Amino acid sequence: NSGYDISDPTMQHYYNACVNIVTGQPTTCNMQQGSPYISCVDDCQYVPCVDLDGGNDEVSGDDGDGTASRNPTAASNKIALCQSYEKRFATELDASTKGFVPRTYSCIDQFGQFTEQPGQAIQLSTFQPDADEEENYISDTIQNTFSYSTQRSFTLGDCTFRDGTTPVQRADDSGDFAYCANTASPDDPNCSRTFTGGYRSRDYDPRVRSWYEQVRSSQQPSWSNPYTFFTTLEMGITYGQPMYIQDDEQRKIFQGVMAVDYPLSGISDFLQQEYGAVQNSGSIASPIDAGPSTNPLMIAIAEDAAPHYLIGISTGRKTAQTVQKDDPSKPCPDNASSEECSAVRVSILQEFDILGQPLAAADDILRRAFQAQLDENFDESLLVPVPSGGSIVRHVSKSLVYEQDQAANLKWRIIVVFETVDDETDSLEPGNPLMAIVIVLSIIG
């Protein structure tokens with residue numbers, strides 16, 4: 001059960017383990033109304049993971065190429081068994097009676113270890129809370145500079161809470177954060193979790209996430225549909241592979257999912273790097289391109305299914321916009337958390353962004369190109385003209401489809417837009433001697 005009774009004495013070292021991200025004061029881990037949680041059915045006893053009467057054959061092993069094989073005649077001890085539970089949502093009453101097991105975000109040192117030592121916490125130079133590096137939040141203190149990776153650098157400083165001054169001090173086994181000292185058995189293995197450097201607590205259970213549920217229900221390796229990442233509010237997809245153990249009774253027990261996240265921003269980053277030298281000046285309010293671009297190619301990738309959400313685009317346009325949960329008409333502040341904001345996906349066919357602002361010129365060209373291709377049913381044999389929309393540069397587009405056998409849910413349309421130029425080499429102008437001949441031949445058919 002991920003939603004436990006807050007009066008349960010065996011769960012107090014979790015219930016009292018939350019912390020205020022700004023001030024560092026200890027708080028209790030109470031569930032919020034509407035939060036999903038796991039509730040055991042029949043004490044979470046083991047049952048077949050798939051409906052054996054519904055035509056789903058159990059997963060019997062690996063074919064050697066990383067894909068699972070199907071074996072409908074496998075012995076019963078090879079049928080994957082899962083714990084029996086339900087996903088529920090916290091009611092108003094649950095918010096005052098149920099707690100959660102917190103996921104803790106911690107400061108790390110240059111070796112990847114949790115740390116509270118002054119001057120040892122990584123200070124990422126490009127960090128924004130709840131954005132690119134949520135799990136490695138640190139203060140703005142600038143000290144020694146190191147090379148963090150080929151594209152990032154970091155400095156070392158103090159591990160503080162979000163106010164930037166209050167130090168994180170949670171490694172001591174006494175005082176406010178003495179989680180295990182208050183349990184019946186300090187040697188309880190549940191107390192072995194470290195909270196060193198822990199500056200934030202969140203209610204996160206992967207078992208209620210769509211990518212986990214998809215793999216658990218199918219017992220197959222699979223790609224998820226694009227969705228909003230819990231930590232960063234960034235759009236992405238997840239590849240999941242079921243994991244198993246064999247228990248003492250030689251039963252095959254589903255243990256969980258090995259998952260690999262792929263942020264969709266990686267696709268846009270690649271497209272922008274390779275084809276992004278396009279002039280994206282102007283907007284629908286002033287639909288004038290600044291002449292031919294330095295790169296005549298523009299590319300957009302969107303889902304084949306309506307409403308054709310963006311997957312990636314060479315102009316750098318966001319595939320999702322973050323807005324305030326309380327007022328979706330307002331953008332999310334830079335320092336806001338995911339509890340305050342949500343991500344809204346963007347359709348390539350939208351004439352305005354989520355906040356009602358007009359599109360940049362290149363984004364609108366790609367929008368019109370996609371609509372023109374849609375009108376032609378994405379006929380890959382056609383070179384489709386793009387309606388001008390007031391542009392002084394003319395464009396045509398080609399359509400391609402991306403799909404793969406192991407991910408039928410990921411069918412995307414790739415639209416490639418080319419600039420065209422006027423060529424009068426074979427034109428007939430008034431005064432040309434051939435003009436009269438052509439007219440006469442045309443009249444007589």
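**Disulfides, salt bridges and surface of a predicted model**

Good morning. I begin with a pair of cysteines: Cys332 and Cys341 are both buried, where buried denotes under 20% relative accessible area, exposed over 50%, and partly exposed the range in between, with a 1.4 Å probe and protein chains only. The model is predicted, with local features requiring pLDDT of at least 70 and side-chain atom pairs counted only at pLDDT 80 or more, while totals for chains, interfaces and linings use all residues. Residues are numbered from 1 along each chain as its sequence is written, and side-chain values use heavy atoms, leaving out hydrogens and water.

Let me stay with the disulfides. A disulfide here is a pair of cysteine sulfur atoms within 2.5 Å, and the structure holds 5 of them. In Cys332 and Cys341 the sulfur atoms are 1.8 Å apart, and the link is right-handed, with 85 degrees about the S-S bond. What pattern do the disulfides of the chain follow? Counting bonded cysteines along the chain, the pattern is 1-2, 3-4, 5-6, 7-8, 9-10.

A second pair is Cys18 and Cys29, with sulfur atoms 1.9 Å apart and a right-handed link of 115 degrees about the S-S bond. Cys18 belongs to strand β2 (residues 18-19) and Cys29 to the loop between β3 (26-27) and β4 (36-40), so this disulfide ties together parts that are 11 residues apart in sequence. Helices (H or I, at least four residues) and strands (E, at least two) are DSSP runs, numbered from the N terminus. Cys18 and Cys29 are each buried.

The disulfide between Cys107 and Cys159 has an S to S distance of 2.2 Å, and its link is right-handed at 80 degrees. Because Cys107 sits in the loop between β11 (102-106) and β12 (121-124) and Cys159 in the loop between β14 and β15, the pair ties together parts that are 52 residues apart in sequence. Cys107 is buried at 0% relative accessibility, and Cys159 is buried at 3%.

The loop between β14 (153-157) and β15 (198-203) also holds Ala171. Is Ala171 buried or partly exposed? Ala171 is partly exposed, at 48% relative accessibility. Setting aside residues up to four places away in sequence, Ala171 touches Glu116 and Thr196, contact being heavy atoms within 4.5 Å. The C-alpha atoms of Ala171 and Gly198 are 8.8 Å apart, with their positions 27 residues apart along the chain.

I turn now to the charged pairs. How many salt bridges does a search of the whole structure find? The search finds 10, a salt bridge being a side-chain nitrogen of Lys or Arg within 4 Å of a carboxyl oxygen of Asp or Glu.

Arg345 and Glu303 form a salt bridge, with 3.2 Å between the closest N and O atoms. This pair links distant parts of the chain, with Arg345 in strand β23 (residues 341-345) and Glu303 in strand β20 (residues 297-303), 42 residues apart. Both count as buried: Arg345 at 15% relative accessibility and Glu303 at 14%.

Asp304 and Arg413 also meet in a salt bridge, at 2.7 Å from N to O. Asp304 lies in the loop between β20 and β21 (310-313) and Arg413 in strand β26 (residues 407-419), so the bridge ties together parts that are 109 residues apart in sequence. Arg413 is buried, with a relative accessible area of 10%, whereas Asp304 is partly exposed at 21%.

Arg88 and Glu86 form another salt bridge, with 3.1 Å between the closest N and O atoms. Arg88 is partly exposed at 38%, and Glu86 is partly exposed at 37%.

Next comes helix α3. In α3 (residues 210-218), Trp211, Tyr212, Val215 and Arg216 are buried. Viewed down the axis, these buried residues fall within an arc of 125 degrees, so they line one face of the helix; the arc is that of the directions from the helix axis to the C-beta atoms. The elements covering the buried residues of α3 include β9 (85-89), β18 (235-246) and β19 (252-263). Just after α3, Gln219 has a positive phi of about 55 degrees.

I close with Ile444, which lies in the segment after α6 (433-443). Ile444 counts as exposed, at 64% relative accessibility. Thank you.
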